[in-house]
Amino acid sequence: MRPAPTILHLDMDAFFAAAEQAAKPSLRGKPVVVGGVGVRGVVSTASYEARVFGVRSAMPTAQARRLCPNAAYLSPRFTLYRQVSEVVMELLHALSPLVEPLSLDEAFVDLEAGGVPAETAAVRAVGEQLRRDIRSATGLTGSVGLAGAKMLAKIASEAAKPNGLVVIEPGTERELLGPMTVRTLPGVGPATAETLRRAGIHTVAETAEAGEAELVRLLGKAHGAGLYAMALGQDDRPVVAERDAKSISVEDTFEVDLTDRTRVRNEVLRLADRCVQRLRAAGRSGRTVVIKVRNYDFSTLTRSETLRGPTDDPAVIREAAVRLLETVDTTGGVRLLGVGVSGLADFTQEDLFAQLATEREAAEAATAAALEQAAGEREPQEAEEERPRRWHPGLDVVHDEYGAGWVQGSGVGRVTVRFETPWSAPGRVRTFAVDDPALRPGEPLPLVGGAPAGGQSSEPAILPKFLSPEPGDTGSVGEEISRR
């Protein structure tokens, strides 16, 4: 445990939903839900305005629609989220060489490694400046927690949400943690919490009082001993700059169960190609190919095959995935498919069979192309952007006459578009045929490109939970949690 709160945890506020609100002036201050919009979709992120109605992450979208029918339900735009995340991570790396990203919107920073004095006033100043820099660079807000350990810094940032800063002074850890639910501690999921509940343990204080021996008896040596240390506020895990991924995978959930075997096979091939794209983008190769099949009755099966060496060859991974699929009965209907690669490495061991297969496929493709051209069957085609099969809500579009906008909805051959930009006033809505040649997919616009017109603001509608003012209260933002 450090004697000063020099570990910083940043968590962007309702990241996906906040980015959509910043990009779409007409949605600011209104409930927004980002995730799967189909009947089997799942909520990825809900804005604070939607959370008031009980909408939460990982909730089925159908349930969210019942709780908050007037919210805007949008498909994720990961291209935009990654762009914003890169800007935020650059700001964090400017503070310290030790930055441990946990996701696109969350990271730990070791301020001590960045030369920040081990003093509360100094680290607080850094945290406040970071929040201002993030707002200036992205238009979004983030919550900052500062403490002497990673676990406590994360708890502090959660207490600061949204758009706040909390410092946990060293020496106040046990007093702070005691009344909190045991689920607050890292590694305590539903199963562990239920085991502890049956033993009469509900809070962190009760966990510490149970003693290490009792926790080891209930949970096993490693988990029990680790949980006991956490309950005492002891967490000596360092901030690790590089977190090595153990696997890379992709998966899709289908709105209607797939029963056609050929369709299932084609979907596995498509997922294998996407997995290879992610594998190569990460500069990795893998040795074990895994497929995941969730049936109509929610039963989930996984099958894996370990290759002779690591590879990123699409032909090898596609063939392995198909072989694994042949071992699974899909006649009852498939609701989810996934393809992944584990056993990652930084190099590729050449596979002669795969190389021969690839060369053979290339030769056959070249021969077919030559024959087609010789027979005059190949007609020149104009370069044209591929149209999406569906105009998903939230998708960026461009119209030849009206400019940039986004899809509000589509159906019965029509698509409704609202034309606005992140720095404009709320825009007008127009409806077009889904095959209108003047309408095409667009790219995300930068969130910070000009002053929002009409006094629009993307400020959170709700104060941090520990800062909600009482009548007549003028307390300042960011008081140490130890002073509460």
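**Strand 7 and a helix pair in a predicted model**

Visitor: Is strand 7 (residues 142-147) largely enclosed or not, and how many of its residues are buried?
Guide: In this predicted model, strand 7 is largely enclosed by the rest of the structure, and this follows from a count of its buried residues. Of the six residues in strand 7, the number buried is six.

Visitor: Which residues of strand 7 point the other way from Gly 142, Val 144 and Leu 146?
Guide: In a regular strand the side chains alternate between the two faces of the sheet. Gly 142, Val 144 and Leu 146 point one way from strand 7, and the residues that point the other way, likewise buried, are Ser 143, Gly 145 and Ala 147.

Visitor: In which sense does strand 1 (residues 7-12) pair with strand 7, and in which sense does strand 8 (residues 165-167) run with strand 7?
Guide: Six bridges link strand 1 with strand 7 in the antiparallel sense, and within this pairing Leu 10 is opposite Val 144. Strand 8 is joined to strand 7 by three bridges, with Val 167 opposite Leu 146. The sense is therefore antiparallel for strand 1, while for strand 8 it is parallel.

Visitor: How are helix 12 and helix 13 set to each other?
Guide: Two packed helices are described by the angle between their axes and the distance between the axes. For helix 12 (residues 261-281) and helix 13 (residues 314-325) the angle is about 140° and the axes are 9 Å apart. Angles from 115 to 145 degrees count as oblique, and so helix 12 and helix 13 are oblique to each other.

Note on methods
Residues are numbered from 1 along each chain as its sequence is written. This is a predicted model: local features need pLDDT of at least 70, side-chain atom pairs count only at pLDDT 80 or more; totals for chains, interfaces and linings use all residues. Side-chain values use heavy atoms; hydrogens and water are left out. Axes are lines fitted to C-alpha atoms, for helices over the stretch in contact, and angles run from 0 to 180 degrees between N-to-C directions. Helices (H or I, at least four residues) and strands (E, at least two) are DSSP runs, numbered from the N terminus. Angles under 35 degrees count as roughly parallel, over 145 as roughly antiparallel, 65 to 115 as roughly perpendicular and the rest as oblique. Buried means under 20% relative accessible area, exposed over 50%, partly exposed in between (1.4 Å probe, protein chains only). Two strands pair if DSSP finds at least two bridges between them.
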